[in-house]
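Biologist: I am new to this structure and would like to be guided through it. May we take it step by step, beginning with the overall fold?

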Amino acid sequence: MTTPPGDDPLPDGGAVPPPRSEAERVRAAAPDPTSAPDGTTLPRPPQAWFTPPQVPPTPESPEAAPHRSLGEYLGALVIGAAALLLLSVFLPWTTWRTPDLGRAIFVGVSESQGHTTYGLAAPYGDIIVLAGTVALGLALAGRAVHERFVPYAAIPGALSLLALFHRGMTLGDGSVTESITWGFWVAVLASVAVLALGLAALARGTQPARS
């Protein structure tokens with residue numbers, strides 16, 4: 001029987017395909033890296049048009065020193081003023097002279113000899129020592145514990161200032177001429193400094209917090 005043109009003969013059912021090499025069998029058994037486990041094709045990841053330049057990491061700036069508050073400076077100033085107040089009790093506060101020869105012989109000094117007295121004489125010296133010690137302790141507590149102790153230094157500062165004014169108004173008696181010297185003024189300035197710095201710390205602590 002003649003086969004019509006255009007019709008291919010059917011393959012022989014008994015034909016055997018040529019054997020595959022070992023490499024072909026391994027390649028056929030290997031999974032496709034671009035396909036999902038269910039056999040579908042995975043989407044291709046987007047490709048970058050260019051590689052961005054590598055920017056070196058910015059070095060960390062050193063930590064700034066902690067900012068000191070105004071209260072710490074006030075505490076340091078109160079320490080200095082209180083120490084000066086304590087030192088003033090060992091400075092010459094007054095000088096006195098006897099006006100007549102008889103009084104000078106009775107007291108034991110000559111008429112022209114001046115004698116220097118110190119602020120440690122009771123009761124004024126005791127008050128100054130107490131006030132200076134308390135002010136110094138409060139100032140040190142304000143530096144070591146908390147700034148809230150510094151404003152209370154104004155109390156011993158005012159106490160010492162009152163004692164100094166009273167001492168200045170009761171100089172001498174009817175037969176002894178007494179005059180103020182530089183040690184007294186050092187104590188006055190130190191008392192004023194302790195009082196003013198304590199009040200400044202108190203005013204600073206009562207200010208409303210800024211938003």
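Biologist: Which pattern does the chain follow when read along the sequence?

Modeller: Please note at the outset that this is a predicted model. The chain contains 6 helices and 3 strands. Read along the sequence, these elements give the pattern α-α-β-α-β-α-α-β-α.

Biologist: What percentage of the residues of the chain count as buried?

Modeller: The chain exposes about 15500 Å², and carbon and sulfur atoms supply 65% of that area. Among contacts between residues at least 6 apart in sequence, 72% join residues at least 24 apart. Of the 211 residues, the part that counts as buried is 27%.

Biologist: How far apart are the end C-alpha atoms of helix α4?

Modeller: Helix α4 covers residues 124-144, which makes 21 residues. At 1.5 Å a residue, such a helix should span 30 Å. The model agrees with this expectation, because the end C-alpha atoms of α4 are separated by 30 Å.

Biologist: Which residues of α4 are buried?

Modeller: An α-helix has 3.6 residues a turn, so residues three or four places apart point the same way. With that in mind, one may read the buried residues of α4 in order. They are Tyr 124, Gly 125, Ile 128, Ala 131, Gly 132, Ala 135, Leu 138, Ala 139, Ala 141 and Gly 142.

Biologist: Is Gly 142 buried or exposed?

Modeller: Gly 142 is found in helix α4 and touches Glu 147, Phe 149 and Val 150, leaving aside residues up to four places away in sequence. Its C-alpha atom is 7.7 Å from that of Glu 72, although the two are 70 residues apart in sequence. The relative accessible area of Gly 142 is 9%, under the 20% limit, and therefore this residue is buried.

Biologist: How are α4 and α5 oriented, roughly parallel or roughly antiparallel?

Modeller: The axes of these two helices come within 8 Å and cross at roughly 160°. An angle over 145 degrees counts as roughly antiparallel, so α4 and α5 are roughly antiparallel.

Biologist: Which residues of α5 does α4 meet?

Modeller: α4 passes α5 in a left-handed crossing. From the α4 side, the residues involved are Tyr 124, Ile 127, Ile 128, Ala 131, Val 134, Ala 135 and Leu 138. In α5 they meet Pro 156, Leu 159, Ser 160, Ala 163, Leu 164, His 166 and Arg 167.

Biologist: What is the relative accessible area of Leu 159?

Modeller: Leu 159 lies in helix α5, and its C-alpha atom is 9.5 Å from that of Leu 130, 29 residues away along the chain. Leu 159 counts as partly exposed because its value falls between the limits of 20% and 50%. That relative accessible area is 41%.

Biologist: How far apart are the end C-alpha atoms of helix α5?

Modeller: Helix α5 has 16 residues, residues 154-169. At 1.5 Å a residue it should span 22 Å. The model agrees, with the end C-alpha atoms separated by 23 Å.

Biologist: How are α5 and α6 oriented to each other, roughly parallel or roughly antiparallel?

Modeller: These helices pack at an angle of about 150°, with their axes 8 Å apart. The contact includes Ala 154, Gly 157 and Leu 161 of α5, together with Phe 184, Ala 187 and Gly 198 of α6, among others. Since the angle is over 145 degrees, α5 and α6 are therefore roughly antiparallel.

Biologist: Which residues does Gly 198 touch, not counting residues up to four places away in sequence?

Modeller: Gly 198 lies in helix α6 and is buried, with a relative accessible area of 0%. Its C-alpha atom is 5.3 Å from that of Ala 153, although 45 residues separate the two along the chain. The residues touched by Gly 198 are Val 150, Pro 151 and Ala 154.

Biologist: Is Thr 181 buried or exposed?

Modeller: The place of Thr 181 is in the loop between β3 (177-180) and α6 (182-205). Leaving aside residues up to four places away in sequence, Thr 181 touches Pro 92, Trp 93, Thr 94 and Thr 95. Its relative accessibility is 16%, under the 20% limit, so Thr 181 counts as buried.

Methods: Residues numbered from 1 in each chain as written. Predicted model: local features only at pLDDT ≥ 70, side-chain atom pairs only at ≥ 80, totals over all residues. Heavy atoms only, no water. Helix = DSSP H or I, 4+ residues; strand = E, 2+ residues; numbered from the N terminus. Expected span 1.5 Å × (residues − 1). Buried < 20%, exposed > 50% of the residue type's maximum accessible area, 1.4 Å probe, protein only. Contact = heavy atoms within 4.5 Å. Areas by Shrake-Rupley, 256 points an atom, 1.4 Å probe, with all protein chains shown as cover. Axes fitted to C-alpha atoms, helices over the stretch in contact; angles between N-to-C directions. Parallel < 35°, antiparallel > 145°, perpendicular 65-115°, else oblique. Left-handed = near helix turned anticlockwise from the far one by under 90°.
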